[in-house]
Amino acid sequence: MANEKSPISPENELNEMQRYVTQQRGTEPPYSGKLLHNKEQGLYHCLVCQAPLFLSASKYDSGCGWPSFYEPYSDEAIRYLDDNTHGMQRVEIRCGSCDAHLGHVFPDGPQPTGERYCVNSASLSFSDDDGNITKG
């Protein structure tokens, strides 16, 4: 049990931006996220509960200012909700395990899926193949 990752308490262990993004459905400024230019091999997790969300192999540079992926880790990793805020029709994505806000998905991504999962770095942590962890 000592080796298990414990979930982060949103009230105590998230910084202001991480809390704003994951708990209040906010968005970090474009091109500001720590994981935007990450090119290491590994796995992206939900910052709040550590559930696996995206493999690094599905990450690509979409030029949008946020980390982009063309497919989630698994069908259960992501929860989808209609988002009609700000005068737009979008699909919000949340962690399938803890419901933390991640970003949005758009139908303008590369093949094989044609989808662009546009994700806030502040909602992610990244673990490389050596076990090093970087929080977004």
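Here a trainee and a mentor talk through a predicted model.

Trainee: Is strand β9 enclosed or open to the outside, and how many of its residues are buried?
Mentor: Happy to start there, with the two ways its side chains point. L124, F126 and D128 point one way, S125 and S127 point the other way, and all are buried. The strand is therefore largely enclosed by the rest of the structure, and the count of buried residues is 5 of the 5.

Trainee: Which residue of β9 is the bridge partner of Y44?
Mentor: Start with the strands. β1, residues 42-46, pairs with β9 in the antiparallel sense over 5 bridges. Within β9, the bridge partner of Y44 is F126.

Trainee: And on the β10 side, which residue stands opposite S127?
Mentor: Strands β9 and β10 form a hairpin with 4 residues between them, and G131 in the turn has a positive phi of about 90°. The two strands run antiparallel and are joined by 3 bridges. Opposite S127, in β10, stands I133.

Trainee: Which strands stand at the edges of the open sheet?
Mentor: Good one to trace on screen. The sheet has 6 strands in the order β3-β4-β8-β7-β6-β5, with antiparallel pairing. Two of them have a single partner strand each, so one side of each is left without a neighbour in the sheet: β3 and β5.

Trainee: Inside that sheet, which residue of β7 is the bridge partner of E92?
Mentor: Look at β6, residues 90-95, and β7, residues 101-106, which run antiparallel and are joined by 4 bridges. In β7, the bridge partner of E92 is H104.

Trainee: N120 lies in the loop between β8 and β9. Is N120 buried or exposed, and what is its relative accessible area?
Mentor: Its contacts are a nice place to look. Leaving aside neighbours within four places in sequence, N120 is in contact with residues including V21, E28, W66 and L102. The cut-off for buried is under 20% relative accessible area. N120 is therefore buried, at 2%.

Trainee: Which residues touch the most other members of the largest nonpolar core?
Mentor: That core has 22 residues, and the elements giving two or more residues to it are β1, β2, β6, β7, β8 and β9. Leaving out residues up to four places away in sequence, L53 touches Y44, P72, I78 and L124, among others. The residues that touch the most other members are L53, F54 and V119.

Trainee: How many residues apart in sequence are the parts tied together by the F54 and F69 pair?
Mentor: Of the 5 aromatic pairs in the whole structure, this one is stacked, at 4.2 Å centre to centre and 15° between the planes. Both F54 and F69 are buried. F54 lies in β2 and F69 in β4, so the separation of the parts they tie together is 15 residues.

Trainee: What is the N to O distance in the salt bridge of D99 and R79?
Mentor: D99 sits in the loop between β6 and β7, while R79 is in β5, 20 residues apart. Both are partly exposed, D99 at 30% and R79 at 38%. Their side chains meet with an N to O distance of 2.4 Å.

Trainee: Last one: is R116, the salt bridge partner of D108, buried or exposed, and at what relative accessible area?
Mentor: The side chains of D108 and R116 meet at 2.8 Å, N to O. D108 counts as partly exposed at 49%. R116, by contrast, is buried, with a relative accessible area of 12%.

Terms used
Residues are numbered from 1 along each chain as its sequence is written. This is a predicted model: local features need pLDDT of at least 70, side-chain atom pairs count only at pLDDT 80 or more; totals for chains, interfaces and linings use all residues. Side-chain values use heavy atoms; hydrogens and water are left out. Buried means under 20% relative accessible area, exposed over 50%, partly exposed in between (1.4 Å probe, protein chains only). Two strands pair if DSSP finds at least two bridges between them. Contact means heavy atoms within 4.5 Å. A nonpolar core is a set of buried Ala, Val, Leu, Ile, Met, Phe, Trp, Tyr and Cys residues joined through side-chain atoms within 4.5 Å. Rings of Phe, Tyr and Trp (its six-membered ring) pair if their centres lie within 6.5 Å; planes under 30 degrees apart count as stacked, over 60 as edge-to-face and the rest as tilted. A salt bridge is a side-chain nitrogen of Lys or Arg within 4 Å of a carboxyl oxygen of Asp or Glu.
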